[in-house]
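The following exchange explains how certain descriptive terms are applied to a structure. Each answer sets a value against the rule behind the term.

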Amino acid sequence: MRYTTGFRSPGFGYSGFLPKGVKWLLISNIGIFVLTYLAAWAGLGGLIRWFALTPALVVGNLAVFQLVTYLFLHGGFWHLLVNMFTLWMFGTAIESDWGTRRFVRYYFLCGIGAGVCDVLLNAILGNWGTSTIGASGAIYGVLLAFGVMYPNQIILFSFLFPIKAKYFVMIYGAIALLSSLNVNSGVSHIAHLGGMLFGLLYLKARLPRLDMWELRRAYRQWQLRRAKRKFQVYMRKHNHRDRDRWVN
């Protein structure tokens, strides 16, 4: 998640398939990145400012669509690569468990929530002309969900050090929190925190329902196992009686 001052925009997968939601988010982000690159090459880069997240436009011109469009803009190849790699690495497992509709809804909830936090902070600081771009707010929400759902999953921190997912998320959250104290860093850390905050609120609201669903499913499975055992006992007794009739 990067921002610039002014109206300029700066420059684990765990399965063998790519879920539909993650796939189309990857295709959309990469495709729009190529289009913005070509637009800049053609001298049309100024159009991007209408789709970056700018407090003056969101509040003054009611350009609320920017809370969505800024998620698909990136400031450079590495900015795009890191976000998309993280989306693939962690989003694949979550979407496989949640389903496409719920995962995509969660992704945009975190991204839009991150944008709201970014606009509010910059408005308070008087940075009305700051433009923010990037999917990092949504990505941080995905990281949080992964840490909550698979807390003991071992991942490689910086591709070198094995660490549990819950500690990985805590480290990234702490880094974002400390980095947010430097408002002139050129990175919108408040958006990172905002994405995690909205993700946490969503998970807190949904997890009790998920727990009840898991309990009902476990109860149904127990009933099936109990019925299966009763049937096996019945069949053993029945077969035993049949054999006794033919014994001399």
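Q: What percentage of the 248 residues of the chain count as buried?
A: In this predicted model, 39% of the 248 residues count as buried. A residue earns that term with a relative accessible area under 20%.

Q: What is the accessible surface of the chain, and what part of it belongs to carbon and sulfur atoms?
A: The accessible surface comes to about 14400 Å², and carbon and sulfur atoms hold 68% of that area.

Q: How many helices and strands are there in the chain, and what pattern do they follow?
A: The chain has eight helices and four strands. Along the sequence they are arranged as β-α-α-α-α-α-β-α-β-β-α-α.

Q: Why is threonine 132 called buried?
A: Its relative accessible area is 0%, and the term applies under 20%; therefore threonine 132 is buried. Threonine 132 is part of strand β2, residues 131-133. Its C-alpha atom is separated by 9.5 Å from that of glycine 75, although their positions lie 57 residues apart along the chain.

Q: Why is leucine 62 called exposed?
A: The relative accessible area of leucine 62 is 65%, and exposed means over 50%, so the term exposed applies to leucine 62. Leucine 62 is placed in the loop between α2 (55-60) and α3 (66-69). Its phi is near 55°, which is a positive value in a residue other than glycine.

Q: What makes α4 oblique to α5?
A: The axes of helix α4 (residues 77-98) and α5 come within 7 Å and cross at roughly 130°. An angle over 145 degrees would count as roughly antiparallel, and 65 to 115 as roughly perpendicular; the value fits neither, so α4 is oblique to α5. Their crossing is right-handed. From α4, Leu87, Gly91, Ile94, Glu95 and Trp98 make the contact, together with Thr100, Arg102, Phe103, Tyr106 and Tyr107 of α5. These residues divide into six nonpolar, two polar and two charged.

Q: Why is α5 called oblique to α6?
A: Helix α5 (residues 100-125) and helix α6 (residues 136-149) have axes that come within 7 Å and cross at roughly 125°. This angle also falls outside the ranges for parallel, perpendicular and antiparallel, and therefore α5 is oblique to α6. The crossing of α5 and α6 is right-handed. Residues of α5 in the contact include Phe103, Tyr106 and Tyr107, and those of α6 include Ile139, Val142 and Leu144. The contact of α5 with α6 has 10 nonpolar, three polar and no charged residues.

Methods. Residues numbered from 1 in each chain as written. Predicted model: local features only at pLDDT ≥ 70, side-chain atom pairs only at ≥ 80, totals over all residues. Heavy atoms only, no water. Axes fitted to C-alpha atoms, helices over the stretch in contact; angles between N-to-C directions. Helix = DSSP H or I, 4+ residues; strand = E, 2+ residues; numbered from the N terminus. Parallel < 35°, antiparallel > 145°, perpendicular 65-115°, else oblique. Left-handed = near helix turned anticlockwise from the far one by under 90°. Contact = heavy atoms within 4.5 Å. Nonpolar A, V, L, I, M, F, W, Y, C, P; charged D, E, K, R; others polar. Buried < 20%, exposed > 50% of the residue type's maximum accessible area, 1.4 Å probe, protein only. Areas by Shrake-Rupley, 256 points an atom, 1.4 Å probe, with all protein chains shown as cover.
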